[in-house]
Amino acid sequence: MLTLHNLADRRCALLVIDMQYDFMPGGALAVKEGDALVPLINRLGRRFTRVILTQDWHPAGHISFAPSHPGHEPFQRITLPYGPQTLWPVHCVQGSQGAQLHADLDLPHAQLIARKGCNPDIDSYSAFMEADRSTPTGLTGYLREHGIDTLYVVGLALDFCVAWSAQDACKAGFTTYVVEDACRAIDLDGSLAGAWQAMLGLGVQRVQSQDLLGG
Ligand code: VGL
Ligand code: ZN
């Protein structure tokens, strides 16, 4: 299949999800090889006029943290008023070192850092919609007002924040690509396979960095 990607077009944006120290090896919620993505994302970023970053940004005592639920362990699933929630180790606390973006990310032209998960009582894997599935973050409006209609999603973690963001982008009407090799997954109990099934079912397109950068 021949697809032409005009990445420099102002209607296209690279959406870089949660490239923060807590998701890197050694971090509180480490994703295997997360740090290996940095050079590739920098290379991709240079092809785009528009780059948007997200940052998982939780207040202390956030509802998604296992210690907020005595008797429960990280990676257990519980039911909250808004639905099922996986409990996580404490991660990406606002202002902490672990919440900082990787210092080797070299994307000086990024025009927005969208912080999410700031509501103490609702998680937000998606950059577009909180986990109650009814509270928008405002990113859809921001992108539309800037004339952006096509998104290339990269970063961490493929099976959580990337997958939820890509699905919501698609539902909001953006042409949405996930650059598979520019992502890494947590892969909890089949979450990666489930994420691809959900994304592809909605019309998210799976591409490789090679398709964008050329040989
Ligand atoms: C993420 C779990 C909890 C992610 C964020 O960035 O994929 N995963 N918070
Ligand atoms: Zn989080």
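His58 is buried in this predicted model, with a relative accessible area of 1%, and His91 is likewise buried, with a relative accessible area of 3%. Both histidines serve as donors to the zinc ion, ligand 2, each through its NE2 atom, while Asp56 takes part through an OD atom. These protein donors lie 2.0 to 2.2 Å from the zinc ion.

Along the chain, the donor residues follow the spacing D-x1-H-x32-H. His58 sits in the loop between strand E2 (51-56) and strand E3 (77-80), whereas His91 sits in the loop between strand E4 (83-86) and strand E5 (112-116); the pair therefore ties together parts that are 33 residues apart in sequence.

What is the geometry of the site of the zinc ion, ligand 2? The angles among its four donor atoms run from 89 to 169°, and the site is irregular. A reader may find it useful to know why such a range fails the tetrahedral test: four donors count as tetrahedral if all angles lie between 85 and 135 degrees, and the upper end of the range here is 169°. As a point of reference, the ideal angle for four tetrahedral donors is 109.5 degrees.

Ligand 1 can be considered next, and two of the zinc donors, Asp56 and His91, are also among the residues around ligand 1. The other residues around ligand 1 are Asp18, Phe23, Leu29, Trp88, Tyr125, Leu156, Ala157, Phe160 and Cys161. Several of these residues place polar atoms beside oxygen atoms of the ligand: a polar side-chain atom of Asp18 lies 2.6 Å from an oxygen atom of ligand 1, a backbone N or O atom of Ala157 lies 3.0 Å from an oxygen atom of ligand 1, and a polar backbone atom of Cys161 is 3.1 Å from an oxygen atom of ligand 1. Taken alone, ligand 1 exposes 250 Å², and the protein buries 100% of that area.

The cysteines remain to be described. The structure holds zero disulfides, and two residues can illustrate this point. Cys12 is in no disulfide, and the nearest cysteine sulfur, which belongs to Cys170, is 15 Å away; since a disulfide requires a pair of cysteine sulfur atoms within 2.5 Å, that separation does not qualify. Cys12 counts as buried, at 8% relative accessibility. Cys118 is also in no disulfide, and the nearest cysteine sulfur, that of Cys92, is 11 Å away. Cys118 is partly exposed, with a relative accessible area of 34%.

How values were computed:
Residues are numbered from 1 along each chain as its sequence is written. Chains are lettered from A and ligands numbered from 1 in the order in which they are written. This is a predicted model: local features need pLDDT of at least 70, side-chain atom pairs count only at pLDDT 80 or more; totals for chains, interfaces and linings use all residues. Side-chain values use heavy atoms; hydrogens and water are left out. Donors are N, O and S atoms within 2.8 Å of the metal (3.2 Å for Na, K and Ca); water is not among the atoms, so sites may look incomplete. Four donors count as tetrahedral if all angles lie between 85 and 135 degrees; four count as square planar and six as octahedral if opposite donors are over 155 degrees apart and all others between 65 and 115; anything else is irregular. Helices (H or I, at least four residues) and strands (E, at least two) are DSSP runs, numbered from the N terminus. Buried means under 20% relative accessible area, exposed over 50%, partly exposed in between (1.4 Å probe, protein chains only). A residue is near a molecule or strand if one of its heavy atoms lies within 4 Å of it. A polar contact is a pair of N or O atoms within 3.5 Å; within protein, one must be able to donate a hydrogen and the other to accept it, and residues adjacent in sequence count only if both atoms are side-chain atoms. Accessible areas come from the Shrake-Rupley method with a 1.4 Å probe; for residues, only the protein chains shown count as cover.
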